[in-house]
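Here are my notes on this one, jotted down while going through it. Have a look at the structure first, then read on.

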Amino acid sequence: MDIRSQVAMVFHLDKCIGCHTCSIACKNVWTDRKGADYMWWNNVETKPGTGYPTQWENQEEYKGGWVVKDGKLQLRLTAKGKFLQKIFHQPSMPTMDEYYEPWTYRYEDLFTGPEQDDQPTAIPISKVTGEYIDIEAGPNWDDDLGGSTLYARNDVNLSALSEEQRLQLLSIETLVMFYLPRICNHCANPACVAACPSGALYKRGEDGIVLVNQKVCRGWRYCVSACPYKKVFYNWSTGKSEKCLLCYPRVETGQAPACFHSCVGRIRYMGVLLYDADKIQAAGLRPDAELVTAHRDLLADPNDPAVIESARRNGVSEQTLQAARKSPVYQFVKAWGLALAPHPEYRTFPSLFYVPALGPVTYSMENGVALNPTSVDEIFAPLDQARLPMAYLANLFGAGQEAPVRYAMKKMLAIRTWKRAQTVGDVDMKLALAGLREADCDPVQAEAIYRITSLCTFEERFVIPPSHREQAVEVLTNPLERKGASGFGFREAPQRGM
Amino acid sequence: MFPKPAPRLVLLATLLLPWSQPLGAQDAESQFRKSCMSCHTIGAGRKVGPDLKGLGQRRPHDWSSRFIQMPSAQLDGGDATAAALLREFNGTRMPDLGVTAAESLALLKLIDDYTASGKTLGTAAIARQATPEDIRQGQRLFLGLSRFKSGAPACLSCHSAQGLGGFGGGRLGPDLTGASGKLGVGLVSAIENPAFPTMQGVFQKTPLTGEEAFAVGAFLKSIASQPPARTDMAFPVLGIVGLVSGMLLAGRLGRKRFRGLRRNLKPRR
């Protein structure tokens, strides 16, 4: 047993309103720089859709993540022996076309335009060439074009759906979409770290944040190809790769990362997870169908004395262990089984989990008046009749397995029904309780889930342990080194008298 | 007949070589090997020209000396002996080699010495008829598929000829398709002991054996009636074909490469 701590995340998709405040917060703090224009360390995708970069889930083309070959975990990108063969040319990287050509507008035209009959306009100009461009793609093109059929239809996760189901997804009466905010998953088995020839990428020991050392990075861009979530970006100005750093300067001072902090829908949760690093390799070798379970088995119970003992041996601080016991992420993922990692079949074991979105509440209407429902099914469509087919969500969150997704959705549906029976009273309480039991839940758990979903405070959402950076600094430098050498006193000697 | 540029080149080489000093026996022998041996032997029989054994007894030294220095003067000047020799050797004219009076005397002394001692210098031409096997071997030698025993470079390095394939041979020397017509009976000995300064530089240290020269000569004779090799179009055509097939191969090998995704999105039905 080799217990390590990981700052982990849950995004509650049922609460996401797709406002992109997170993306903007991140952009303003980190990537509003030359060469980083096109980077969206945090982006919000419309699903079904192709996402950013276009079709990032298409690993047939991008070759990200891990595959099991001859009983061993291997990067899909290249075998170890062929590693150097591609070092000067990464054939599977997204091009600027799969991202987009960054642009701005010529705002000065608004002030310097000649006097004329029409209003002056600021035309879009490319940030690459400086010339006028006809914008063909953007960071959120699916959404900006109203989920154009072109992009929605090419969602990779639709592969499991029948032709009929796909048509239904796109017809106006049954149109359905949800938002998928994405940041770096700070995986437990990161492919980017494994692929780096320079050893520039590393996973921090104390909190598991994956970072690129800008001094070591040589711009080989294996990480860009290897990351199946395409969350490492190459900075064309500095010649180095960059990625989401989970706002570690904020996390180290006890604050939530900028995108978490600014989230309008309060969909984001952050907490410590303890995981057993010894089990990662074996878990990665399990077949697709067992990956969700294998991933959950990696996560260790923070109340188990053996786990605590092993964590202490690894230098995990008491406060981190305490935070792990209060972690909302542990509850969502392991205790309640509500949150699921995106694409577990990439075998990187993400530290970011999603609570899948339920479909909209349905009403029967007559003459513009909502009728009192006569059964639960009239309020919430049963899972099998949900507009978003279970097979789609299974591709996204279950490595093709419907069972874990179904379990989470069923529980959420049961809790909603039960809460409705409590507050509105138009559902039979007995039926609601039976539903809870059937969904492997009870009123205590349901109440806890309800509270953390709907009424959560800041402190409940973000349980961030102190990082003890001051202690870490003491290891490297003597904090008393400059005592008496600087601080109080005059910077320049006072001059008095003559 | 020699190819046209040859006498000029020989003259040039003669001027460049430091032959101003009186020649010793050693120098005379090396000059004989260089300039005379492609057509003459001493005591080994006839080649293109007569066997020179006993020349001193047959002709007066001053006549021989003048002939060696400037054969054209006697051949064109109505000298009866010269005219008889020309007839005897099927009209093959001895070229003007630019030999000085001193050199000619040294050469005649060399011939006398050899005659007196009974030694021979040079090898007689192979008299048998060329077989298809000889022709095939000659082609292989020309192409470098068989190596010359002495390690000399294959003819292909500098010469082209008909029947070598699309790429032809080198362009440094002339196309040898018609060489047998030009050199006539002197072909084989010209190959064996080339009098061309460019070739001498290469083949003096690595001479061909008589058999090898005969085989190459047989090959050149076999193609003599064909038009000269036309490689001017074949080369670019082969180049283009090679490029296109190379690109097709590269495309085939890299057919799974990333070709961009967004532009290839298709409206699914």
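What follows is a short set of numbered points on the contacts and on one annotated span.

1. Before anything else: this is a predicted model, so please read the points below with that in mind.

2. Start with where chain A meets chain B. Chain A puts 15 residues into the contact, while chain B puts in nine residues. On the chain A side, helix α5 (residues 149–153) has the largest share, with three residues. As for chemistry, that side of chain A splits into seven polar, five charged and three nonpolar residues.

3. Next, chain B taken alone. Its two parts are domain 1, covering 5–117, and domain 2, covering 132–222. Where these meet, domain 1 of chain B provides 13 residues and domain 2 of chain B provides 12 residues.

4. Which helices of chain B each supply at least two residues of the domain 1 side that touches domain 2? They are α1 (5–16) and α2 (25–36). The top contributor to that side is α1(B), which gives four residues. The class count for the domain 1 side of chain B facing domain 2 is seven nonpolar, four polar and two charged residues.

5. Last, an annotation to keep an eye on. An unreviewed UniProt entry lists residues 233–253 of chain B as "transmembrane region". In the model, that span of chain B is 95% helix and 0% strand, and the C-alpha atoms at the ends of residues 233–253 lie 30 Å apart.

Conventions: Residues are numbered from 1 along each chain as its sequence is written. Chains are lettered from A and ligands numbered from 1 in the order in which they are written. This is a predicted model: local features need pLDDT of at least 70, side-chain atom pairs count only at pLDDT 80 or more; totals for chains, interfaces and linings use all residues. Two residues are in contact if their C-beta atoms, placed from the backbone, lie within 7 Å. Ala, Val, Leu, Ile, Met, Phe, Trp, Tyr, Cys and Pro count as nonpolar, Asp, Glu, Lys and Arg as charged, and the others, Gly among them, as polar. Domain bounds come from an automatic or database domain assignment. UniProt positions are given in the numbering used here, feature names are shortened, and annotations may be inferred rather than shown by experiment.
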